[in-house]
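Reader: Hey, I've just opened this one and I'm new to it. Can you walk me through what I'm looking at?

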Amino acid sequence: MKLLFMACLSPKTGNCTTAERIREHIEAAGHTCVLRDTADFKNPEDVADLIAEEKYEGALAIHLYKSGRLLLDSCIPFGIVFGGTDINEDVKGETKRPVMGQVLQKARFAVAFSNRLKEEAEAFWPFHGSKIYVQPQGIETKAGTCINWRSFLRCTGIDNENVDDLHVFFLVCGLRRVKDPLYLVNVFSEWHVEDPSVYLIIIGPEIDPLFTKEVELNVKRARGFLAPERPQEELHAAMRRSFALVNSSLSEGMSAAVLEAMHLGVPVLARNIPGNAALVIHEDTGLLFSDPQEFIELSKRLIREPSLRERIVYNARGPREKGGAPTSREHLH
């Protein structure tokens, strides 16, 4: 079967990573899957022309509004994968919501990465609940390479001889406003003065150049630590050595970094937003915080209570991994 796959393919974003993984899975099943960026098309007519010209037999799209609306004029069956921000944010727009409803009505099926995302979609479009299926997102980790932890920390500006006594928190994200990487910088800087063993490293690609400059300035002013993007294997090896993974986003669908940390056996502290709360069960598979001060309190507790850390790591890795060695690819529930 020849499929057209539509997604927002901004480089180094979660959507792009998810789209590539789904495309690989479809092609491994024996189908032809052509991935196209929604930015290449101005309107539904452009996509309809492409479908007729290339003789696609079906289509798939990530994001109910950004990608889905471009399939409204198509004459082939299509399915939708909720991106997260479509149901969490775009649905609030009075002009976008009716269009999203039209897309869902025309779609043969829709996929939500969590039960909560499905329930939120059903709250707006109750008559389409039967076509929405829950499929937890797959994740792949590559932490096979050994890492010189001391050298890694030194490259980020942390020159401390007692590296094994440090508590290094990783905030992994593309530098853009929706990820809100500066949310915890000031309170963490104050905590570091109180306890020099704690460090917060913000690490990820530069996506928004103007915002990146803002992040660099504020991190430097707070005497924080900002690391450039690393190859995936090196990043995962470093994450495995870190004390905890932090997510401070304003909005998430299903954070790949959170899933990767869980798979690597690293505890997660995540901002209490719908996308994170659908994935992290407080004090069971991770810790949820609602403000910077609560983040500090929970982080101190994680250091103070090793049993809490062990329980969170154990529960987050999922039932299929508890009996043996971790696998490289796993659907996490």
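Author: Sure, with one term to start: two strands pair if DSSP finds at least two bridges between them. Strand β12, residues 268–271, is joined to β13 by three bridges, and the two run parallel. Keep in mind that this is a predicted model.

Reader: Okay, so which residue in β13 is the bridge partner of Arg-271?

Author: That's Phe-289.

Reader: And what order do the strands of that open sheet come in?

Author: The order is β10-β9-β8-β11-β12-β13, six strands with parallel pairing. The edges are β10 (225–227) and β13 (287–289); each has a single partner strand, so one side of each has no neighbour in the sheet. On average, neighbouring strands here are turned by 25° against each other, ignoring direction.

Reader: Which strands does helix α12 touch?

Author: Helix α12, residues 292–304, packs on the sheet and touches β8, β9, β11, β12 and β13. Its direction makes about 155° with that of β13.

Reader: What about α9, which strands does that helix lie across?

Author: Helix α9 (232–241) lies across β8 (167–172), β9 (198–203) and β11 (244–247). It runs at about 140° to β8.

Reader: Let's go inside. How many residues are in the largest nonpolar core?

Author: It has 48 residues, and the ones with the most contacts inside it are Leu-153, Phe-170, Ile-201 and Leu-245. Helix α10, residues 256–264, gives the largest share of this core, with six residues.

Reader: What is Leu-153 in contact with, leaving aside neighbours within four places in sequence?

Author: Leu-153 is then in contact with Ile-158, Val-163, Leu-166, Val-168 and Ile-201.

Reader: Switching to charges: how many salt bridges does the structure hold?

Author: There are 17 salt bridges. In general, side chains of opposite charge can pair when their charged atoms come close. One of the bridges is between Glu-214 and Arg-177, where the closest N and O atoms are 2.8 Å apart. That pair links distant parts of the chain, 37 residues apart: Glu-214 is in helix α8 (209–221), and Arg-177 is in the loop between β8 and α7 (185–194).

Reader: Are Glu-214 and Arg-177 buried or exposed?

Author: In between. Glu-214 counts as partly exposed because its relative accessibility is 31%, and Arg-177 counts as partly exposed too, at 47%.

Reader: Which residues are joined into one network by salt bridges that share partners?

Author: Glu-20, Arg-23 and Glu-27. Within that group, Glu-27 and Arg-23 have their closest N and O atoms 3.1 Å apart. They are four residues apart in helix α1 (14–28), so about one helical turn separates them. Glu-27 is partly exposed, at 34% relative accessibility.

Reader: Got another pair for me?

Author: Try Asp-159 and Arg-154, whose side chains meet in a salt bridge at 3.4 Å, N to O. Asp-159 is exposed, with a relative accessible area of 58%, while Arg-154 is partly exposed at 40%.

Reader: Zooming out, how many helices and strands does the protein have?

Author: It comes to 13 helices and 14 strands. The C-alpha atoms fill a box of roughly 65 × 45 × 35 Å along the principal axes.

Reader: What radius of gyration would a compact globule with 333 residues have?

Author: Near 20 Å, and the protein has 21 Å, which agrees. Buried residues make up 52% of the 333 residues.

Note on methods:
Residues are numbered from 1 along each chain as its sequence is written. This is a predicted model: local features need pLDDT of at least 70, side-chain atom pairs count only at pLDDT 80 or more; totals for chains, interfaces and linings use all residues. Side-chain values use heavy atoms; hydrogens and water are left out. Axes are lines fitted to C-alpha atoms, for helices over the stretch in contact, and angles run from 0 to 180 degrees between N-to-C directions. Contact means heavy atoms within 4.5 Å. A nonpolar core is a set of buried Ala, Val, Leu, Ile, Met, Phe, Trp, Tyr and Cys residues joined through side-chain atoms within 4.5 Å. Buried means under 20% relative accessible area, exposed over 50%, partly exposed in between (1.4 Å probe, protein chains only). A salt bridge is a side-chain nitrogen of Lys or Arg within 4 Å of a carboxyl oxygen of Asp or Glu. The radius of gyration is taken over C-alpha atoms; the globule rule is 2.2 Å times the number of residues to the power 0.38.
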